[in-house]
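Colleague: I'd like a close look at one small part of this model, and then at what surrounds that part. Here is the entry.

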Amino acid sequence: MGLDHGDHHDVPDPNGRALRLGIGGPVGSGKTALVAALCRSLGEVLRLGVVTNDIYTTEDADFLRKAGVLDPERILAVQTGCCPHTAIRDDIAANIDAVETLEERFGPLDLVIVESGGDNLTATFSRGLADRQIFVLDVSGGDKVPRKGGPGVTSADLLVINKTDLAPLVGADLTVMSRDANAVRDGRPVLFTSLREDPHAGAVAEWVMGVHAAWVAAHSHPHDHPHEHPHEHPHEHPHEGRPEPAPRS
């Protein structure tokens, strides 16, 4: 997974645990909306857990719980009290504790998504916390952002450029963004999306499923068949009857 950016944490033993997927990006780029979309798309086929990061609040976790995209007990909030990149790269203990708590309570899990708090273009996850990383940009920052690079943009396993529906309104040229993003990413994939138009993030979900399939092939024992019965727990709908929260994009 890309540059280690001073990463000093050991990669945990991958055998017998869930794939851990980090999602990072600037404030307002659509990270929480992407987590919600992936829960909608993958919740019926993968056993999921989610960890959110906010500096002082639990707002992102609260949004996901109210949206009803996953059993609320499977969504844990970390209040970092510090710069977001510190909690996902430098001092990852609180996030590791949350991930391991989910695995102890609900395991075996297939995928744990860790959403970073909003940060700048340098934000990357420690390999001790995330096995793969998605970095989310949005077009409202202008079409110049991808070519500015930064480890988050250049080294993430997948770059997602969100809110394409806003491009005409902010004068962003998606062709330029695609060209520049591909130029700095050395062949790593780039996907464009509008989570308002595609609330299931179909292309991103397909990418995640491919990564998960490769993870299972590499780290499962021959007798393991985790998807013959994807949910060992009853599928719950704790959100029935609740008002839908305002959408995020």
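Colleague: Start with Lys163, please: is Lys163 buried or exposed?

Modeller: Lys163 is buried, with a relative accessible area of 12%; buried means under 20% relative accessible area, exposed over 50%, and partly exposed in between, using a 1.4 Å probe and protein chains only. Two caveats on the source: residues are numbered from 1 along each chain as its sequence is written, and side-chain values use heavy atoms, with hydrogens and water left out. This is also a predicted model, in which local features need pLDDT of at least 70 and side-chain atom pairs count only at pLDDT 80 or more, while totals for chains, interfaces and linings use all residues.

Lys163 sits in the loop between strand S6 (158-162) and helix H7 (167-170). Helices (H or I, at least four residues) and strands (E, at least two) are DSSP runs, numbered from the N terminus. The backbone is the odd bit here: Lys163 has a positive phi of about 65 degrees, although it is not a glycine. Most residues other than glycine have a negative phi. Ala201 is another such case, with a positive phi of about 45 degrees. Ala201 lies in the loop between strand S7 (190-192) and helix H9 (202-219), and it counts as buried at 1% relative accessibility.

Strands S6 and S7 lead us to helix H8 (residues 174-184), since both are among the elements that cover its buried residues, as is helix H5 (145-148). Those buried residues are Val176, Met177, Asp180 and Ala181. They cover an arc of only 125 degrees around the axis, so they share one side of H8; the arc is taken over the directions from the helix axis to the C-beta atoms. The face turned away from that side carries the exposed Thr175, Arg179 and Ala183. At the N-terminal end, Asp173 caps H8, with a side-chain oxygen 2.9 Å from the backbone nitrogen of Thr175. Just after H8, Asp186 takes a positive phi of about 55 degrees.

Back to S6 and H9: both give two or more residues to the largest nonpolar core, a set of buried Ala, Val, Leu, Ile, Met, Phe, Trp, Tyr and Cys residues joined through side-chain atoms within 4.5 Å. That core has 35 residues, and Val204 is one of those touching the most other members. Leaving out residues up to four places away in sequence, Val204 touches Leu34, Leu38, Ile134, Leu158, Val160 and Leu191, where contact means heavy atoms within 4.5 Å.

Notes. Polar contact = N/O pair within 3.5 Å; in protein donor to acceptor, adjacent residues only side chain to side chain.
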